[in-house]
Amino acid sequence: MITPETTHVLAQRLDEAQTTRTDIPSLADTHEFDIDDAYAIQAALLARREARGERVMGVKLGFTSKAKMAQMGVSDVIVGRLTDAMAVTDGAEVDLSRFIHPKVEPEVAYRLARDVDLADPATDIEACVDAVAPALEIIDSRYRDFRFTYEDVVADNTSAAGYAVGPWRPMTGVGDLDVRLVSGAEEAVGSTSAILDDPRNALHALLDMCRRRGIPLRAGQVVLAGAATAALPLAPGVTTAHVAGLGSVSVRGVRA
Ligand code: OOG
Ligand code: MG
């Protein structure tokens, strides 16, 4: 356990890394902290963003796919927060100089139609979702070379840095759809089944995590279910994720 003071010091370190676009070494190099501490640091980081006027728009899951777990060398689902400062409109420009070393992932997004009652053991989270869409997530670890421990990445709000959501369609099963991500000259292909065998399982994992971590889930919020392929570097120019049967979503990387 770290003290509340250390929690704030470490949150400030991560926050400054993001606002100044300067990577930092793993917090685990200098501090011993556990997963509860890591979520406390994430909460303190979010409080700093909210104090600057940012609003929470939703939540994201990480490490819901074996490809991601293998790429990052970790092995349990993690949850982070999305804010309005991270939102990118489908098809719009995104300034690459906002980031340290951005990567991009093809994902599935769900939309919550009502508040999720975390206290009720009978809560049916799938029944709280009214729409699904293809999505892109931009991750930008504040740690040098994306080298972090499981606790580090949770503290760093699970590398969350940006997201774009394609056209919403009414909630439907998306258990095994082909996924293609194109960013610059690189391409990654996979299936939505890479997301815990079926992205709907990500909703159940999310409910469990939010109960354990006291993270509220509110009507109107977006849920990113996690990457369907390994991440690619976010290249200048158009980056697109295609999800068969769901549609596509793109962003245009520029250097302002
Ligand atoms: C952590 C974020 C992982 C996902 O979809 O699995 C994630 C990272 O890889 O830096 O967002
Ligand atoms: Mg992701």
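Throughout this report, buried means under 20% relative accessible area, exposed means over 50%, and partly exposed is anything in between, with a 1.4 Å probe and only protein chains counted. Arg 21 makes a handy first case: its relative accessible area is 40%, so it counts as partly exposed.

A word on the ground rules. This is a predicted model, in which local features need pLDDT of at least 70 and side-chain atom pairs count only at pLDDT 80 or more, while totals for chains, interfaces and linings use all residues. Residues are numbered from 1 along each chain as its sequence is written, chains are lettered from A and ligands numbered from 1 in the order in which they are written, and side-chain values use heavy atoms, with hydrogens and water left out.

**The overall build**

The protein has 5 helices and 13 strands; these are DSSP runs numbered from the N terminus, with helices being H or I of at least four residues and strands E of at least two. Its C-alpha atoms fill a box of roughly 50 × 45 × 35 Å along the principal axes. The radius of gyration is 17 Å, which agrees with the value near 18 Å for a compact globule of 256 residues. That radius is taken over C-alpha atoms, and the globule rule is 2.2 Å times the number of residues to the power 0.38.

Of the 256 residues, 52% are buried. A contact here means heavy atoms within 4.5 Å. Among contacts with a separation of 6 or more, 77% are between residues 24 or more positions apart. On the outside, the protein exposes about 10,600 Å², with carbon and sulfur atoms supplying 49% of it; the areas come from the Shrake-Rupley method with a 1.4 Å probe.

**Inside the protein**

A nonpolar core is a set of buried Ala, Val, Leu, Ile, Met, Phe, Trp, Tyr and Cys residues joined through side-chain atoms within 4.5 Å. The largest one has 56 residues, and Tyr 110 and Leu 206 have the most contacts inside it. Elements that each give at least two residues to this core include α1, α2 (35–51), β4 (103–112) and α5 (199–213). The largest share, 7 residues, comes from α5. Beyond its neighbours within four places in sequence, Leu 206 touches Val 59, Leu 61, Val 79, Ile 125, Leu 217 and Val 223. Apart from this core lies another, of 16 residues, with Val 88, Leu 96, Leu 136 and Leu 232 among them.

**The magnesium ion and the strands**

The magnesium ion (ligand 2) is held by Glu 105 (OE), Glu 107 (OE) and Glu 137 (OE), at 2.0 to 2.1 Å. Their spacing in sequence is E-x1-E-x29-E. Donors are N, O and S atoms within 2.8 Å of the metal (3.2 Å for Na, K and Ca), and water is not among the atoms, so sites may look incomplete. Both Glu 105 and Glu 107 are buried.

Glu 137 also stands opposite Tyr 163 in β6. Two strands pair if DSSP finds at least two bridges between them. β5 (residues 129–139) and β6 pair in the antiparallel sense over 5 bridges. In β6 (residues 160–165), 6 of the 6 residues are buried, so this strand is largely enclosed by the rest of the structure.

Another antiparallel pair is β8 (residues 178–183) and β9, joined by 6 bridges. Arg 180 stands opposite Val 189 in β9. The β8 and β9 hairpin has 2 residues between the strands, and Gly 184 takes a positive phi near 60° there. Arg 180 is also one of the contacts of Thr 240 beyond its sequence neighbours, alongside Leu 136 and others. Thr 240 lies in β12 (residues 237–243) and is buried, at 15% relative accessible area.

**Helix α1 and two loop residues**

Gln 18 is in α1 (residues 4–20) and is partly exposed at 23%. Past its neighbours within four places, Gln 18 contacts Arg 49, Arg 52 and Arg 142. Tyr 143 is 125 residues away in sequence, yet its C-alpha is 9.9 Å from that of Gln 18.

Here are two residues other than glycine with a positive phi.

| Residue | Phi | Loop |
|---|---|---|
| Arg 21 | near 55° | between α1 and α2 |
| Asp 197 | near 75° | between β9 (186–191) and α5 |

Asp 197 is exposed, with a relative accessible area of 59%.
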